[in-house]
Amino acid sequence: MITSKYLLLIIFYLHCVRCSLKPKTKHDDILPPCSSCKVLVESFMKGVKRTSRENFAGGDAAWEEEKLGTYATSEVRLIEIQEKLCSEVERGKDQCLTLSETHEALLEDWWFNEQKVSPDLKQWLCVDLLKVCCPAGHFGADCQPCPGFPKVCFGNGKCKGDGTRKGNGACVCDAGYTGEYCDACGPGYYQSYKDDDKLLCSKCHPACSGNCTEAGTKGCEACNEGWAMTAENGCVDVNECVLPDVCKHNQFCVNEEGNYSCIECDAACSGCYGDGPDMCIKCAPGYFLQDNFCVVMTARQWAQTSTLTRYLTYFGLCVATCIIFQKNVIVASVIGLAVAVYVSVSEYMLSSINNEPQMLSGLDFNKLFAKT
């Protein structure tokens with residue numbers, strides 16, 4: 001038998017499942033009063049345009065009166081508008097529908113009696129009657145003018161609460177501007193133009209650290225990293241590539257404004273001072289210099305070069321053994337025997353490589369070095 005404790009748990013669980021399945025209204029979909037009124041007005045005016053197009057295609061109100069005749073302000077047209085009112089709205093659709101039902105009488109009054117006198121439906125409905133909005137450039141419960149009205153925030157910012165019954169009217173300045181009325185240049189910007197009605201602030205040169213007084217590097221008060229201050233030209237670029245060991249081996253340095261880059265050398269190079277096989281300090285293994293370019297060796301060229309190098313090495317070992325150990329025959333004999341064994345083993349390994357049925361390529365040279 002199910003106890004009351006377990007029964008309560010089951011009921012609680014079922015209630016949670018029901019709540020999770022119930023559609024939820026997002027907070028972002030709930031519009032403030034002024035915005036919801038604007039959405040209603042915009043949807044209504046779209047209906048006006050739609051019905052105008054459906055009946056001969058239209059223009060302004062005067063055109064409608066002339067071409068559409070009695071239909072222009074008829075009850076039939078109003079009904080057609082109301083049938084699709086708020087249907088195209090995505091955000092705040094429920095609020096739009098609620099407002100349209102609540103203020104249906106006001107919309108009808110404007111349609112039949114007020115639209116000739118007050119053609120701006122938003123001003124008539126949202127500002128004058130419902131008092132949820134303010135005229136542009138005004139804010140707050142009493143629709144006070146924003147700072148600097150009619151040129152709000154000197155044209156370089158926005159007024160908090162502009163056009164609504166909310167906000168404190170403070171200016172939120174655009175990037176590069178500051179001050180109570182956005183009438184001064186902010187950090188990192190300089191005044192490039194100003195008169196009684198307009199202020200233009202431009203961004204300082206990237207070389208500048210902090211503020212500047214004019215365009216270019218001469219206007220910097222201080223320099224960013226990678227730049228150095230001079231008396232004549234202001235901030236000038238530091239060439240990091242002249243410093244030792246800026247880049248790793250087999251890389252070359254490219255100076256940039258305020259910075260530098262390290263780029264890998266060409267595969268033909270063993271060290272370089274630029275891009276390409278003609279900019280090598282010396283050629284990489286498997287390449288040789290031809291007409292100032294490092295080019296890949298053929299198998300025949302490599303065999304000739306390696307053979308000459310081998311024999312020179314062997315000859316050098318023999319000469320060194322004779323010079324160093326000429327007074328001690330026994331030691332010289334042992335060293336000579338070791339050199340002979342080294343030469344024999346090296347020649348045997350080279351012989352086994354040469355008998356492989358494949359052509360040497362750039363990658364094969366690495367294999368050859370590994371075996372020798």
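Is C146 buried or exposed? C146 is buried, with a relative accessible area of 3%. The model is a predicted one, and the account below covers its nonpolar cores, helix α6, three of its disulfides, one loop proline and one hairpin.

**Nonpolar cores**

The largest nonpolar core is made up of 24 residues. Within this core, the residues with the most contacts are L40, F44, W111, L121 and L125. Two or more residues each come from α2 (33-54), α4 (75-83), α5, α6 (104-114) and α7. Helix α2 is the greatest contributor, giving 7 residues.

L40 has contacts with L85, C86, C96, L99, S100 and L125, when neighbours within four places in sequence are left aside. A second core, separate from the largest one, has 11 residues, among them C153, C159, C182 and C201.

The contact between L40 and S100 can also be read from the other partner. S100 belongs to helix α5, which spans residues 93-102. Not counting residues up to four places away in sequence, S100 touches L40 and L85. The relative accessibility of S100 is 12%, and the residue therefore counts as buried, since the cut-off for buried is under 20%.

**Helix α6**

Three residues of α6 are buried: L107, W110 and W111. Why do they lie on the same side of α6? They cover an arc of only 95° around the axis, and this puts them on the same side of the helix. On the other side of α6, A105 and N113 are exposed. W111 also appears among the residues with the most contacts inside the largest core.

**Disulfides**

The structure holds 16 disulfides. A disulfide is a covalent bond between the sulfur atoms of two cysteines. Three of the disulfides are set out in the table.

| Pair | S to S distance | Torsion about S-S |
|---|---|---|
| C134 and C143 | 2.1 Å | about -90° |
| C146 and C159 | 2.2 Å | about -75° |
| C208 and C220 | 1.9 Å | -75° |

For C134 and C143, the torsion is about -90°, so the disulfide is left-handed. Both C134 and C143 are buried.

The link of C146 and C159 is left-handed because its torsion about the S-S bond is about -75°. C146 sits in the loop between β2 (144-145) and β3 (157-159), while C159 is in strand β3, so the pair ties together parts that are 13 residues apart in sequence. C159 is buried, at a relative accessible area of 6%. C159 is also one of the residues of the second core.

The link of C208 and C220 is left-handed too, with -75° about the S-S bond. Both cysteines lie in the loop between β8 (199-203) and β9, so the disulfide ties together parts that are 12 residues apart in sequence. Relative accessibility is 8% for C208, which counts as buried. C220 has 7% and counts as buried.

**P135 and its surroundings**

Where is P135 placed? P135 is in the loop between α7 (121-129) and β1 (138-139). With 28% relative accessibility, P135 counts as partly exposed, because the value falls between the 20% limit for buried and the 50% limit for exposed.

Leaving aside neighbours within four places in sequence, P135 has contacts with Q123, V127, C143, D162 and G163. One of these partners, C143, is half of the disulfide with C134. P135 and T164 are separated by 29 residues in sequence, and their C-alpha atoms are 7.8 Å apart in space.

**The β9-β10 hairpin**

Strand β9 covers residues 227-230 and strand β10 covers residues 234-237. The two strands pair in the antiparallel sense, over 4 bridges. How many residues does the hairpin use to join β9 to β10? The connection runs through 3 residues. Within this pairing, W227 stands opposite D237 in β10.

How values were computed: Residues are numbered from 1 along each chain as its sequence is written. This is a predicted model: local features need pLDDT of at least 70, side-chain atom pairs count only at pLDDT 80 or more; totals for chains, interfaces and linings use all residues. Side-chain values use heavy atoms; hydrogens and water are left out. Two strands pair if DSSP finds at least two bridges between them. Buried means under 20% relative accessible area, exposed over 50%, partly exposed in between (1.4 Å probe, protein chains only). Contact means heavy atoms within 4.5 Å. A disulfide is a pair of cysteine sulfur atoms within 2.5 Å. A nonpolar core is a set of buried Ala, Val, Leu, Ile, Met, Phe, Trp, Tyr and Cys residues joined through side-chain atoms within 4.5 Å. The arc is that of the directions from the helix axis to the C-beta atoms.
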